[in-house]
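Biologist: Thanks for sitting down with me over this one. Could you bring it up so that we can go through it together?

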Amino acid sequence: MAIEKRLLVIEDEPAILTFLRSSLEKTGWEILEARTGSVGLETAAGKKPGVILLDLGLPDQDGFAVLKSLRQWTSVPVIIISARGQEFDKVRGLNAGADDYLTKPFGVAELMARLRVALRHAERGEKDAPPIYEHAGLKVDLVARRVWLRKKEIHLSPLQYDVLAVLVKHAGRVVLHAQLMKEVWGQDRDVTPEAIRIFVHQLRHKIESDPVRPRCLKTEPGVGYRLESPDD
């Protein structure tokens with residue numbers, strides 16, 4: 001069953017609310033507004049939104065507290081929208097259970113792409129990722145463990161493939177450094193973010209048509225990596 005395009009915006013800035021309503025309603029989204037964290041929690045429980053946009057700077061409580069409360073009873077996708085662009089805040093939000101993070105100001109196209117990803121993850125629930133990933137000339141078959149670039153098969157080391165497979169499984173979402181370390185190297189291995197950066201740099205030169213301007217494997221500075229959604 002498809003998740004309804006009902007968006008709850010927990011945000012107290014009138015200009016942002018107006019921008020979101022005017023931009024999204026014409027694309028079929030139903031917009032619910034909550035200008036405080038407490039009202040947001042009540043609305044989330046009563047209206048069952050498909051996605052939540054959550055500002056961190058709310059008048060009655062910090063957005064992280066709202067996120068913590070939400071994650072006690074719902075897995076609805078939550079995208080943080082905030083003027084706080086520091087790496088610490090991004091990592092904290094994603095570790096606390098947010099599905100994504102957008103730094104203000106942001107454009108409609110980027111927001112729509114993130115919302116589409118959030119809806120797909122909500123519809124899949126806990127199901128596995130699709131076994132075939134295709135985007136910008138890159139194709140990954142998770143069943144056959146094969147990779148192609150522009151229809152030409154490329155060969156990765158086992159570790160390079162494992163990193164790519166983790167990113168494919170979470171396509172469209174940020175994979176934190178710590179999450180990548182845990183899923184690929186395990187908790188007992190001492191792997192630094194710098195070592196991962198070098199590793200991803202090498203991987204990018206194999207899977208991107210233009211590694212300098214990557215279209216698939218993007219870096220979220222200081223946070224982790226995102227493999228672009230195959231449908232965007």
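Biologist: How many aromatic pairs does the structure hold?

Modeller: Keep in mind that this is a predicted model. Rings count as a pair if their centres lie within 6.5 Å. With that cut-off, the number of aromatic pairs in the structure is two.

Biologist: What kind of aromatic pair do tryptophan 185 and phenylalanine 199 form?

Modeller: Their ring centres are 5.7 Å apart, and the angle between the planes is 80 degrees. Planes over 60 degrees apart get their own class. The pair of tryptophan 185 and phenylalanine 199 is therefore edge-to-face.

Biologist: How many residues apart in sequence are the parts that this pair ties together?

Modeller: Tryptophan 185 belongs to helix H7, residues 177–185. Phenylalanine 199 belongs to helix H8, residues 193–207. The pair therefore ties together parts whose separation in sequence is 14 residues.

Biologist: Is tryptophan 185 buried or exposed?

Modeller: Its relative accessibility is 13%. The cut-off for burial is under 20%, and phenylalanine 199, also at 13%, is buried. By that cut-off, tryptophan 185 counts as buried.

Biologist: Which strands does H7 touch where it packs on a sheet?

Modeller: The sheet in question is open, has three strands and follows the order E10-E12-E11 with antiparallel pairing. The direction of H7 makes about 75 degrees with that of E10. The strands that H7 touches are E10 and E12.

Biologist: Why is one side of E10 and of E11 left without a neighbour in that sheet?

Modeller: Strand E10 covers 174–176 and strand E11 covers 217–220, and both stand at the edges. E11 is joined to strand E12, residues 224–227, by four bridges. One side of E10 and of E11 is left without a neighbour because each has a single partner strand.

Biologist: Which residue in E12 is the bridge partner of threonine 219?

Modeller: E11 and E12 run antiparallel. Threonine 219 has its bridge partner in E12, and that residue is tyrosine 225.

Biologist: What is the order of the four strands in the other open sheet?

Modeller: Its pairing is antiparallel. Strand E6 (132–135) and strand E9 (152–154) are the edge strands, and three bridges join strand E8 to E9. The order is E6-E7-E8-E9.

Biologist: Which ring does the charged end of lysine 139 sit over?

Modeller: The distance from the ring centre is 5.2 Å. The ring's owner has glutamate 153 in E9 as its bridge partner. The ring under lysine 139 is that of tryptophan 148.

Note on methods. Residues are numbered from 1 along each chain as its sequence is written. This is a predicted model: local features need pLDDT of at least 70, side-chain atom pairs count only at pLDDT 80 or more; totals for chains, interfaces and linings use all residues. Side-chain values use heavy atoms; hydrogens and water are left out. Two strands pair if DSSP finds at least two bridges between them. Helices (H or I, at least four residues) and strands (E, at least two) are DSSP runs, numbered from the N terminus. Rings of Phe, Tyr and Trp (its six-membered ring) pair if their centres lie within 6.5 Å; planes under 30 degrees apart count as stacked, over 60 as edge-to-face and the rest as tilted. Buried means under 20% relative accessible area, exposed over 50%, partly exposed in between (1.4 Å probe, protein chains only). A charge sits over a ring if NZ of Lys or CZ of Arg is within 6 Å of the ring centre and within 35 degrees of the ring normal. Contact means heavy atoms within 4.5 Å. Axes are lines fitted to C-alpha atoms, for helices over the stretch in contact, and angles run from 0 to 180 degrees between N-to-C directions.
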